[in-house]
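Student: Could you take a close look at one part of this model for me? I'd like the cut-offs along the way.

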Amino acid sequence: MRESFRTLVNALLAGIFIGIAGTVCLSVKNPVAGAVLFGFGLMTIVCYGFKLYTGAIGYLANQGRKTFSYCRTLLLIWCGNFCGTWLVGTLVRHSRVFARLDARVGAMCAEKLNDGLPSLLILAFFCGILMYVAVETYRREDLSPIFRFFTVFLCVTIFILSGFEHCIADMFYFSAANVWCGKTLLVTLWLTLGNSLGGMLLPVMDKFRK
């Protein structure tokens with residue numbers, strides 16, 4: 001029980017920092033600058049050991065007999081991420097800075113919610129690949145710290161500028177735009193599936209290429 005609570009707290013904190021990263025990304029007009037600054041969120045998460053679903057799902061493929069237990073952990077992480085992003089999105093919506101974010105986040109969410117399911121799955125799939133690469137590279141102690149940090153920011157920048165879908169970041173955007181409904185939840189779950197498939201691609205393929 002204590003371990004589950006610790007996981008939930010670390011997931012909540014990860015959601016909060018993704019929300020902060022999303023806020024700054026929306027706040028700057030230059031898309032490249034916004035994409036780079038969003039990397040602050042993932043950098044904080046990997047440095048402090050917070051729990052982010054898209055950073056953890058890729059390791060499901062290597063759990064063996066612990067697969068069921070790890071799935072339970074992933075569910076806790078997803079719920080904690082949801083709570084953290086919802087909290088930041090709601091608080092930002094009730095602050096003075098939201099006046100300059102309202103139109104942009106509204107248009108962004110409308111585009112996501114009006115997109116087709118195949119498109120959303122594809123975009124989420126590629127984002128999942130990049131998130132696994134970012135987290136796994138950061139864990140590689142044989143690489144230089146500078147390269148590890150650079151890769152974290154690079155993967156985040158690429159996924160944002162490419163328009164790929166990150167289910168946890170979208171939780172923040174949907175919360176800030178206050179567009180939660182049945183359809184929004186279904187889209188979020190669909191994006192979660194895409195991120196999950198993408199995140200597990202390299203770990204699964206490693207079993208065949210080595």
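Which helix does Phe 147 lie in?

Tutor: Phe 147 lies in helix 7, residues 145-162 (helices are DSSP runs of H or I with at least four residues, numbered from the N terminus). Bear in mind that this is a predicted model, where local features need pLDDT of at least 70, side-chain atom pairs need 80 or more, and totals for chains, interfaces and linings use all residues. Residues are numbered from 1 along each chain, and side-chain values use heavy atoms, without hydrogens or water.

Phe 147 counts as partly exposed because its relative accessible area is 41%, between the under 20% of buried and the over 50% of exposed (1.4 Å probe, protein chains only). Together with Phe 150, Leu 154 and Ile 158, Phe 147 makes a nonpolar surface patch of about 360 Å² (Shrake-Rupley areas; members have over 30% relative accessible area and no salt bridge, i.e. no Lys or Arg side-chain nitrogen within 4 Å of an Asp or Glu carboxyl oxygen; nonpolar side chains are joined within 5 Å, like charges within 9 Å).

Helix 7 also helps line the largest pocket, which holds about 420 Å³ of space (an open set of 1 Å grid points with protein on both sides within 12 Å along at least five of seven lines; lining residues have an atom within 4 Å of a point; volume is the space filled by probe spheres on the points). Of its 24 lining residues, Met 108, Lys 112, Ile 160, Gly 163 and Phe 164 are the closest to the centre. Besides helix 7, helix 2 (31-48), helix 5 (102-113), helix 6 (117-139) and helix 8 (167-177) each give two or more residues to that lining.

Terms used. Accessible areas come from the Shrake-Rupley method with a 1.4 Å probe; for residues, only the protein chains shown count as cover. On a 1 Å grid over the protein atoms alone, a cavity is a set of points where a 1.4 Å probe fits but cannot get out, and a pocket is an open set with protein on both sides within 12 Å along at least five of seven lines; lining residues have an atom within 4 Å of a point.
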